[in-house]
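Reader: I am a first-year student, and I should be grateful for a close look at a single helix, followed by an account of the surrounding structure. Please explain the reasoning as you proceed.

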Amino acid sequence: MNHTQLLRQCAISVAVALALGTLGAVAQAKTPDDQLIVGFSMNNLLSLDPAAATGNDVVELAANLYDYLIELDPQAISKMQPGLAESWKVSADGRSITLVVRKGVKFQSGNDLTAEDAAWSLQRVLKLNLAMASPWKSYGFTAQNVDKAVRATDATTLVIDLPEPTDPKMVLYTLATSVSSVVLDRKKVMENEKNGDMGAAWLITHAAGSGPFSLVEWRAKDALLMNRFDGYWRGPAKLKRVIMRHMTESQSLRLMLERGDLDVASGMSVPDIESMKKNPEAVVSPVRRGTLYYVAVSMKDPKFADKRVRLAIRNLIDYDGINTTVMPNYGLPQQRPVQMGLPASLPSPGYKLDVAAAKKLLAEAGFPNGFKTTIRVLADPPFINIATSLQATLAKAGIEASVLSGTGNQVYGAMRERNFEILVGRGGGGVEPHPHSSLRALVYNPDNSDAAKLTNFQGWRTSFFSPELNQLIEKAEVERDEAKQTAQYQEAQKLYETQVGAIQPFSQMVDTVVLRKDVRNYFGHPSATTRLRDVSKQR
Amino acid sequence: MTTSTLRALGHRLLSVVLTLLGLLLLTFVIGRVMPLDPVLSIVGPDADRSTYDQVYQQLGLDRPLPVQFAYYLRDLLHGDLGNALLTGHKVTDDLARVLPATVELATMAIILGTGLGVPLGVYAATRRGRLADHVVRVISLFGYSTPVFWFGMMGLLVFYAWLGWAGGAGRIDLAYDGMVAPRTGLLLVDSALAGEWEVFRNAIKFLLLPACILGLHSMAYISRMTRSFMLAQLSQEYITTARVKGLSERGVVWGHAFRNILVQLLTIVALAYGGLLEGAVLIETVFAWPGFGQYLTSSLLLGDMNAVMGCVLVVGVIFVTLNLLSDALYHVFDPRTR
C-alpha cells in the first residue's frame, strides 16, 4: 500500500468514526428517573459520626440519613419548623426548653424512636468531646453536667436545661442546624460499641438514623450510596436511590452534567458555572451561607495593634473590584460581621478603596513609606485571587506584601498559633441564623492571654480584645426583649466599626449548585441541611 | 543452590529491608516536620483546646518521635499499618481497595504503551533519518511533553462529551456499581469471573480512555528507548554478517537485533510500569478514578501520616520488586551477568 492509499484509508475511517460518534451523541445517556446522582468533592468528608464530623458536606448527608428535632425553612432561614419535635416551649426565665417528641416514629432498624434516644444522642456528643461538642460547650454544657441538663422525662418529652444564661433561641437554632443535633438509634449504635467508645469508631463509616434515606455504602473519596427508607414517618421519599460521587475536577463535573450523567453538581469553578448559565438544560442555583470572606490582621503585631493602621488596611481593600470580578458565584458584598438577612443586620457601611486616606493614616501612624508584610492565604480560588488584589492595593500605599499560599491546615494553623500578619480567609459561625453566632466566632474574645488558647474564637486568634464589645455581646445574648436585643446587636456592630476590628469582612459566602433542569423541589439550604425527601425528576 | 548464591540472596534481601526502612524513616521525619496538623484536619477550625488535646493524645502525637516511630515499626511487623484518618478504615484495607483500581489502569496503559511503543521504535530505527523516523519522533515528543491532564480533559471532551464513546468519570456506570462482588478488586477480572459480561463491557468503556492517555505517555518513552537500543544493535558487526549471509531484513531486525535488546526493554518497561502505578495522580483526578494516586494525594494534603507511610511503603515495595525482577531477568537472559 502506498502513502496516498494509506492516507485515504485513514481519512475514511476517521470520517466514519466521527459520523457514528455523532449519532451516538444524539441518543444521550440520562440518569435513571428515580435516582439522583450528585457530584462534588468529598475531600472534606472524613467521618459520618454526628459527634465528630466537621464541615458542610456531612451536614448535607446527615439531613437525609437522620432527623433533626427542629428544622429551618430553606426560604426563610430564621423560621423554625417542627421536625421530630412536634412542638417546643421555652420556660419564662429562658433557662429551660421542653420539646415534645413525635410518637410512632421508627428508626431504619425498626426500633422505636423516643425522647430517650434524643437525650442520649446529645449526651453522647458531650461525653465524647469531639469536634461537634464545640457549640454545646459554648452554652455551658459539659460531659459532667449533660446527663442532668439534657434528659427525657418520658418517651415523648425532652427537657434541656441551660447551664448558663444564654438566648434559648440560639440553642434552638443549634438544634436545627448542627450535625451534632441529629437523633441516633441508641440501641443500634450501642450494639456496635467497642472499648466504651459509644459507637464512635463504627459511626465514622455507618449511620443509624430515622431519616428518609438509609446508608448503603460509603467508599471514602469514591462514592456514597443511599436508598429510600420506606418506613419514613413523613412517608417514603420520591427518589429510590441517591448516589453521591467524589469529583474534584470542575470540568469533568460540567461535562457529566451536560451529558446528563449527573443531576446535581457543586464546587464547580466560576468559568464552568458561567458556561452552565447559558445551557438551557441546566439551572444554576446560588445558596447563601452565613460564613464571611474576610481580611484579618494580627493585633499581636505592633503595627496592626495601631488602630490607624487597621483603618488604613480597611481603606486598602478594593471592595467593588473584588466583589465584581472575583466573587461572582462565590459571595455577595457584605462588610459587617453579622450576616445579612437577619432582623439585626445593618445596611452596608459603604467602605470603599481610598488610597489617599490610607496613606494619610499610615503617615500618622509612623509609616509614611509603608512597610513589608505577608498575606497568608489558601492556594485555591477565590482566596488566592483576593490576596492578589489585596497585594496590589496595599502596594498603592507603599505596603509591600508577599503572598504565602498553602493548604487550609497551614493557613489556619498559623492563625491558631497567632503567628501571622495578614490573612485572607473565610469563617465566622453564621450557621445558626442569629447575630450571636457570627459575633461569637469573629469578634468575641473573653480572654486575650496566650495561655487561654481560645483557638475556636477568631477574635482570640487575631488578638482583638474589646471589653466593651464583649460585654455588649454577653448582654445581648441574654436579653429576653427581642426589640431591645436587636438594638443591642446593632449597637455592637457599630462599635465594631468605630473600634476597627481585626477582621474585615467584604463578602458573604455563596455556594453555587448546578442542577439539571428536570430536577424538582431541590432547595439548597443556607445551613447545608438540604433535604432530598421531596426531590423528584420531571421528564 | 550454592552457598555463594545464598549469601548473595541474603545480601540482597538485607539491602531491600534496609532500603524500605530508610524510606519509612525519611517519610516519617518529613511528615513530622511538615507544617501539617492532622489533628486540625480532624477536629476542624472551630474546636476548642480540650477537644484538640484529646484527639492529639488519641493519635499518640504527644509521645516522643522515636517512640512513635518504634510503635509504628512494631505494628508494621504485625502487618498493621494503623488507621487512616481519611477513611476511618485500616490503611491495609484502604490500600487493598485503591490499589487494584490503579493496577487495572496502569496495566492496561502499559499494555497499550508497550504494544504500540515497541513496534514504533523498531520501525523508526530501521528507517533512521527518513520520514517515518521523523513522524515517530514527533508523535513521541508530543506524547511525552504534553501534560497528561490536558490530554485527559481533551479526551473527555472529544470521546466522552462529543462522541459519547467513552464512559465519563469513575470506573463504571453507576447503574452497574456493586453488581459484581469484589474478589480481586480488578473490575475486568471480577466481572469476567462472575460471567457478568455487561459489566465487563461497561468497565472496558470507562477504562480505555484514561488508559490510552496514560499509555500514550509511556508509549512515547518506550518508543524512544526502543529506537535507540535498536540503533545500537543495528550498527553491530553481527548484524552486517547476518545481512551478508543473506538473511531477510525481517529476520535480521526481529530475529537478531530485537532479541538482543529484549532484556534492556524489559527493564525500562518495568520501571515505566512502576511509574504509572505511582504517577497516575492527574489522570485519576480528571477521571475521578478511585485509585492509589488520589488516595495518596488526599492523605498528603490532610497530613494523614499513617496513610502516607502506607503508600510510601507500597511504592517502595513496587520499585524494589520491579528492580529485583529486572535484575533476575538479566541474570536469566544475559549470560555475561552470571
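Author: A residue is called buried when its relative accessible area is under 20%, exposed when that area is over 50%, and partly exposed in between. With these cut-offs, helix H4 of chain B may be examined in what is a predicted model. On one side of H4(B), Pro66(B) and Leu77(B) are exposed. Gln68(B), Phe69(B) and Tyr72(B), by contrast, are buried. Viewed down the axis of H4(B), the buried residues fall within an arc of 95°, so they line one face of the helix. Their packing partners are helix H1 (3–33) and helix H14 (305–333) of chain B.

The length of this helix can also be checked. H4(B) covers residues 65–77, and at 1.5 Å a residue its 13 residues should span 18 Å; the C-alpha atoms at its ends are 19 Å apart, which agrees with that expectation. After the helix comes Gly79(B), whose phi is positive, near 75°.

A helix of chain A offers a second example. Helix H2 of chain A, residues 56–65, is mostly covered, since 8 of its 10 residues are buried. They are Val58(A), Val59(A), Glu60(A), Leu61(A), Ala62(A), Ala63(A), Asn64(A) and Leu65(A). The elements that cover them include helix H6 (168–177) and the strands E8 (213–219), E9 (223–228) and E10 (241–246), which belong to chain A.

From single helices one may turn to the nonpolar interior. The largest nonpolar core has 98 residues, and those with the most contacts inside it are Leu262(A), Met268(A), Leu95(B), Leu105(B), Met230(B), Phe292(B) and Tyr295(B). Apart from this core lies another, of 92 residues, with Trp202(A), Leu215(A), Leu40(B) and Val43(B) among them. To take one residue of the largest core, Met268(A) touches Ser250(A), Leu253(A), Arg254(A), Leu257(A), Ile273(A), Met276(A) and Val514(A), when residues up to four places away in sequence are not counted.

Empty space inside the protein deserves attention as well. Rolling a probe the size of a water molecule over the atoms shows where such space is left. Here the count comes to 7 cavities of 30 Å³ or more. The largest cavity has a volume of about 60 Å³. Its lining consists of Val295(A), Val297(A), Arg310(A), Ile313(A), Arg314(A), Ile317(A), Val500(A), Gly501(A), Ala502(A), Ile503(A) and Gln504(A). Strand E12 (282–297), helix H12 (307–315) and strand E17 (503–516) of chain A are the elements that give two or more residues to this lining. The largest share, 3 residues, comes from H12(A).

Helix H12 of chain A also contains Arg308(A). With a relative accessible area of 34%, Arg308(A) is partly exposed, because this value lies between the two cut-offs. Beyond its neighbours up to four places away in sequence, Arg308(A) touches Leu361(A), Glu364(A) and Ala365(A). Arg308(A) and Ile384(A) are 76 residues apart in sequence, and their C-alpha atoms are 26 Å apart in space.

Several features of the backbone remain. Most residues other than glycine have a negative phi, and most peptide bonds are trans. A cis peptide bond, with omega about 0°, joins Pro381(A) and Pro382(A). Pro382(A) is placed in the loop between strand E14 (372–378) and helix H15 (383–396) of chain A.

In chain B, Ala288(B) has a positive phi of about 45° although it is not a glycine. This residue is in the loop between helix H12 (281–286) and helix H13 (292–302) of chain B. Ala288(B) counts as buried because its relative accessibility is 10%.

In chain A, Asn521(A) is a residue other than glycine with a positive phi, near 60°. Asn521(A) lies in the loop between E18 and E19 of chain A, and at 36% relative accessibility it counts as partly exposed. His525(A) is found in the loop between strand E18 (519–520) and strand E19 (536–537) of chain A. With a relative accessible area of 2%, His525(A) is buried. Leaving aside neighbours within four places in sequence, His525(A) is in contact with Leu72(A), Asp73(A), Pro74(A), Val287(A), Arg289(A) and Thr530(A).

Technical notes: Residues numbered from 1 in each chain as written. Chains lettered and ligands numbered in written order. Predicted model: local features only at pLDDT ≥ 70, side-chain atom pairs only at ≥ 80, totals over all residues. Heavy atoms only, no water. Core = buried A, V, L, I, M, F, W, Y, C linked by side-chain atoms within 4.5 Å. Buried < 20%, exposed > 50% of the residue type's maximum accessible area, 1.4 Å probe, protein only. Contact = heavy atoms within 4.5 Å. Helix = DSSP H or I, 4+ residues; strand = E, 2+ residues; numbered from the N terminus. Expected span 1.5 Å × (residues − 1). Arc of directions from axis to C-beta. 1 Å grid on protein atoms, 1.4 Å probe; cavity = no way out; pocket = protein on both sides within 12 Å on 5 of 7 lines; lining within 4 Å. Points joined across faces, edges and corners; volume = space filled by probe spheres on them.
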